[in-house]
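Biologist: Could you walk me through the contacts in this model? I would love to go one interface at a time.

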Amino acid sequence: MQVENKTFKPTIVAFCCNWCSYAGADLAGSARLSYPAEVKIIRIPCSCRLNPMFILKAFQRGADGVILCGCHPGDCHYTTGNYYARRRMTTLFSMLNYLGIEKERTRVEWVSAAEGAKFSAVMNDFVATITALGENKKLEDLRCKK
Amino acid sequence: MKKIGVFVCWCGSNIAATVDVKAVVEACKKEPNVVFAEDYQYICSEIGQNKMADAIRDYKLDGVVICSCSPRMHEATFRKTAEKAGLNPYMIEVANIREQCSWIHKDIEEGTEKAIVLARTAIAKVLLNAPLQAGESKVTKRALVIGGGIAGIQSALDIADAGFEVDIVEKKPSIGGKMSQLDKTFPTLDCSACILTPKMVDVSAHEKINIFAYSEVEAVSGFVGNFTAKIRQKARYVDTAKCTGCRACMEKCPSKKSLNEFNAGLDTRPAIYIPFAQAVPNKATIDPNACIKLKTGKCGICSKVCTAGAIDYEQKDQIIEREYGAIVVATGYNIINLDKFNELGYSDCKDVITSLEFERLTNAAGPTKGHLICPSDGREPKKIVFVQCVGSRGLRPCDKQYCSKICCMYTAKHAMLLREKHPETEVYVFYIDVRTPGKNYDEFYRRAVEQYGVHYIKGQVGKVIEKDGHLEVQASDLLADEQLHIDADLVVLAAAIEADDTARKIGTMLTASMDTNDFFTEAHAKLKPVESPTAGIFLSGMCQGPKDIPDTVAQAGAAAVKVIGLLSKDTLKCNACVASPNENMCNGCSLCATVCPYGAITYVDKEFRIPGGVQVRRVSQVNEAICQGCGACTVACMSGAMDLKGFTNKEIMAEVESICK
Ligand code: FES
């Protein structure tokens with residue numbers, strides 16, 4: 001279907017909790033473990049700060065994939081934040097699925113501050129998946145485009 | 001109109017090599033509200049900081065965006081400068097164009113494009129930022145040290161000497177840790193007990209130090225400066241206030257078959273015991289799994305022989321709750337379980353032992369009074385083979401990938417001491433590499449080879465099998481490229497070390513991050529080596545990674561200094577990015593309070609003016625000194641009344657929009 005994929009560069013928003021995953025991204029950086037430039041990171045204090053609305057907003061504004069990275073279960077800096085995040089995302093993802101959004105477009109990954117390599121691997125994989133999926137048109141609000 | 005200034009850092013060539021900084025500056029100038037944009041080689045330098053301060057004053061900036069390294073590096077620096085220049089420190093945003101951009105993208109066009117998006121996103125956020133004021137919280141002037149080995153002892157002594165109260169919680173009946181089990185220490189060969197026990201005595205005599213031995217930390221709540229810990233003091237079945245440490249009970253106890261942990265299981269001890277001669281506290285403990293009285297109700301001999309009347313079979317665990325300003329983790333290490341290393345015969349052959357067992361077998365206070373014998377039949381070994389890196393630096397699932405760091409040196413020590421005492425013994429050491437960095441370390445190792453004639457062979461031991469009463473060691477000599485068969489009397493394995501099995505539990509309790517090997521992560525590998533990323537938690541000794549005694553003591557002292565620095569403050573600046581409810585929107589449902597991990601949210605009845613009178617409504621209230629700013633409540637709130645300062649809904653939405661533009 002998506003023949004034009006060769007030039008398609010997806011827009012990817014990555015929400016990273018400050019304590020583990022953002023630090024993991026920093027580690028990936030200092031170890032020069034590259035991942036595609038399409039990934040743009042937004043720092044949030046904890047994965048539980050991620051309001052499902054932010055994900056919907058991203059899709060509305062034309063994001064092709066959204067990923068949430070937090071501390072491993074049990075390791076959240078605020079003890080329980082990632083458990084809330086996990087439950088909220090499960091609910092949101094099933095709603096997105098109901099709406100016909102491919103479930104690969106959203107993802108939750110646990111990346112610790114020591115896992116620079118994992119961060120890079122996850123991002124490479126995610127971008128590859130989204131690139132293969134092609135553009136997200138279902139939720140994009142075309143009125144937002146100039 | 002808000003006036004925004006932008007700085008783009010070159011970071012020498014770290015950024016400038018793969019990001020066209022001039023292009024980023026030009027792009028930023030085109031963004032609305034940006035009145036000033038400039039690049040500079042090093043913004044974190046003094047000159048760079050002065051430039052920033054000047055721009056804030058000259059252009060009367062309302063917000064500043066710095067495109068540079070990760071905010072985890074220099075956000076604090078930039079905030080301080082802003083504050084000095086009269087700008088609220090929270091009106092600073094850092095666009096991470098180094099770790100997240102220049103370092104991972106090689107193509108300059110791609111890098112520049114991404115840097116511009118990141119800069120634009122930070123500008124979008126800073127435009128919505130509001131000045132924030134951090135509150136203050138009190139500091140409890142007492143420290144908790146978890147673990148009473150040399151690391152915990154050193155940290156506790158240093159903190160207490162500075163005049164602060166310290167509690168040491170040790171899970172074993174006595175403090176002292178692994179070091180108390182060692183015979184001699186490298187590279188000086190002084191006796192371990194002789195240098196450790198005076199410190200243990202200092203601890204017990206110190207008026208500022210409280211030892212909770214045979215105790216475990218069960219729960220920790222709170223935050224930097226204000227932790228509360230629940231400590232379970234396990235029942236010893238002995239009243240420590242009465243016990244004089246006379247050991248009469250140990251002699252008379254009829255149940256003497258328990259493995260003696262202190263001697264690495266090489267001999268047995270009675271059910272009531274004091275682990276070793278210099279134990280601190282020097283008090284008896286009854287092992288409930290071995291005590292006949294506790295198991296069957298019959299016996300009670302110890303209570304009859306105890307002239308002090310200290311035995312109390314009815315004693316129960318006690319839970320103690322104490323408050324602390326800072327916590328030092330010193331949980332130490334263990335050697336790995338060797339069950340999976342069948343080829344080396346540890347489980348099957350009695351004469352294959354670990355280095356720690358060797359240490360006990362050569363210790364004058366050990367099970368053999370220091371006479372080295374083969375555990376199988378008590379003969380004196382004539383040929384001994386040491387195997388290095390057992391479980392270290394390997395890739396199999398049972399291996400640890402890291403180097404255990406201390407094995408090369410202690411093996412050199414063992415070999416040297418052996419040859420010194422029994423010059424007729426032949427000693428072989430099989431190694432992958434000999435690693436001896438450290439003051440006087442390499443000299444030490446060379447002495448073992450050159451002066452004491454220890455045979456070092458580069459190669460790995462493939463198999464150890466028992467053959468007519470002795471051990472056949474099959475190994476390869478990599479340098480000579482030949483297979484070796486050595487008939488040995490004793491094989492000593494340098495087993496890998498691993499984090500103590502309580503570490504993970506404690507890490508979770510403290511919300512302190514750990515790596516995949518269960519070693520605690522430091523806040524910065526180079527610049528903050530003794531701090532955990534979680535404020536108020538400090539790391540001492542092996543819990544952070546393999547270390548020898550000198551390094552452990554140095555690190556323990558460093559951790560103590562950090563604790564002292566913290567405890568010497570009366571108040572701490574709180575996190576300014578806290579939750580704040582909009583009272584007009586709050587419907588008092590208390591969902592936010594149920595998800596708050598800190599109990600920072602309470603409810604009050606408040607009067608609100610409405611047309612034609614007043615209305616009383618229940619609304620949520622956040623205690624800013626307690627809130628840690630995770631944001632869980634902001635998402636739980638159904639009416640959207642709860643927001644997080646510094647990471648508001650609007651700010652994050654603006655970032656999303658900017659990225660998706
Ligand atoms: S802080 Fe990382 S998930 Fe909560």
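Modeller: Happy to; what follows is a set of questions and answers on a predicted model.

Biologist: Which three residues supply 45% of the area that domain 2 of chain B buries against domain 3 of chain B?

Modeller: The C-alpha centres of these two domains of chain B lie 27 Å apart, and the contact takes twelve residues from domain 2 and 13 residues from domain 3. Together they bury about 940 Å², with 70% of it on carbon and sulfur atoms. The trio that gives more than any other three residues on the domain 2 side is Pro173(B), Ser174(B) and Gln181(B).

Biologist: How many salt bridges are there between domain 2 of chain B and domain 3 of chain B?

Modeller: Here a salt bridge needs a Lys or Arg nitrogen within 4 Å of an Asp or Glu carboxyl oxygen. The side of domain 2 of chain B that touches domain 3 has seven nonpolar, five polar and no charged residues, so it has no Lys, Arg, Asp or Glu to offer. The count is zero.

Biologist: Now to the chains: which helix of chain B gives the most to the side that touches chain A?

Modeller: Chain B and chain A bury about 4,200 Å² between them, with 18 residue pairs in polar contact. Several elements of chain B each supply at least two residues, including helix 3 (71–84) and helix 5 (108–128). The one that gives the most, with eight residues, is helix 18 of chain B.

Biologist: And which residue of chain A meets Asp643(B) in a salt bridge?

Modeller: There are six salt bridges between chain B and chain A. In one of them, at 3.3 Å from N to O, the partner of Asp643(B) is Arg49(A).

Key:
Residues are numbered from 1 along each chain as its sequence is written. Chains are lettered from A and ligands numbered from 1 in the order in which they are written. This is a predicted model: local features need pLDDT of at least 70, side-chain atom pairs count only at pLDDT 80 or more; totals for chains, interfaces and linings use all residues. Side-chain values use heavy atoms; hydrogens and water are left out. Domain bounds come from an automatic or database domain assignment. Contact means heavy atoms within 4.5 Å. Buried area is the accessible area (1.4 Å probe) that two parts lose on being put together, summed over both. A salt bridge is a side-chain nitrogen of Lys or Arg within 4 Å of a carboxyl oxygen of Asp or Glu. A polar contact is a pair of N or O atoms within 3.5 Å; within protein, one must be able to donate a hydrogen and the other to accept it, and residues adjacent in sequence count only if both atoms are side-chain atoms. Helices (H or I, at least four residues) and strands (E, at least two) are DSSP runs, numbered from the N terminus.
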